[in-house]
Amino acid sequence: MELLGIQGFERAPSGRASCFLCGGKIERASWRFDYRMKASSKLGDQRRIHVTCVSQLPVATRAADLRALRAFMEAPDVSDDQRALLEAASAELAGGGASASSSCA
Ligand SMILES: [Zn+2]
């Protein structure tokens, strides 16, 4: 596992966290990524993000993030639904997908 970038893929255990990238709430039981800003083991350096917000992540960790997504997809217990989410996130991150909701420009 990389020290920086996406660290985890899991269902939100509560609806209290908000997305580091868009500031929106991460709904309970929706899928999210854990993202590490700094190479440390402090929980405070870890951020939660929406699966759909990955394209807004810093370019600096992109290669590591793509490797992390691939590793989640190849996990033996991944479901079809999870794999579909991860594939979509991967495409977004690689710049291949249409950015659906980020229309700030
Ligand atoms: Zn978000």
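## A walk through the chain

Among contacts between residues at least 6 apart in sequence, 53% join residues at least 24 apart. Keep in mind as you click around that this is a predicted model.

**Start with the whole chain.** Colour by secondary structure and you should pick out two helices and three strands. Going along the sequence, they come in the pattern β-β-β-α-α. If you colour by burial instead, buried residues account for 24% of the 105 residues.

**Now select the strands.** Show S1 (5–11) and S2 (31–36), then add S3 (46–50). Together the three strands make an open sheet, ordered S1-S2-S3, with antiparallel pairing. S1 and S3 are the edge strands, each with a single partner, so one side of each has no neighbour in the sheet. Tilt the view to see the twist, which averages 30° from one strand to the next. As a reminder, strands of a sheet pair through backbone hydrogen bonds, either parallel or antiparallel.

**Zoom in on S1 and S2.** These two run antiparallel and are joined by six bridges. Put Phe9 and Phe33 in sticks: Phe9 stands opposite Phe33, which belongs to S2.

**Stay on Phe33 and bring up the core.** The largest nonpolar core holds 17 residues, and Phe33 is among those with the most contacts inside it, along with Ile49, Val54, Leu69 and Ala89. Elements giving two or more residues to this core are strands S1 and S2 plus helices H1 (62–73) and H2 (80–93). Which element gives the largest share of this core? That would be H2, with four residues.

**Centre on Ile49.** Leaving out residues up to four places away in sequence, Ile49 touches Cys19, Phe20, Leu21, Arg32, Phe33, Tyr35 and Val54. Two of the core residues listed above, Phe33 and Val54, turn up again here.

**Finish on H1.** This helix has twelve residues and reaches 16 Å from first C-alpha to last, close to the 16 Å expected at 1.5 Å a residue. Select Asp65, Ala68 and Leu69, the buried residues of H1. Look down the helix axis: these buried residues fall within an arc of 100°, so they line one face of H1. It helps to recall that an α-helix has 3.6 residues a turn, so residues three or four places apart point the same way. Then turn to the other side of H1, where Ala63 and Arg70 are exposed. Last stop: bring S1 and H2 back into view, since both are included in what covers the buried residues of H1.

Notes. Residues numbered from 1 in each chain as written. Predicted model: local features only at pLDDT ≥ 70, side-chain atom pairs only at ≥ 80, totals over all residues. Core = buried A, V, L, I, M, F, W, Y, C linked by C-beta atoms within 7 Å. Buried ≥ 20, exposed ≤ 12 C-beta atoms within 10 Å, placed from the backbone. Contact = placed C-beta atoms within 7 Å. Pairing = 2+ DSSP bridges. Axes fitted to C-alpha atoms, helices over the stretch in contact; angles between N-to-C directions. Expected span 1.5 Å × (residues − 1). Arc of directions from axis to C-beta.
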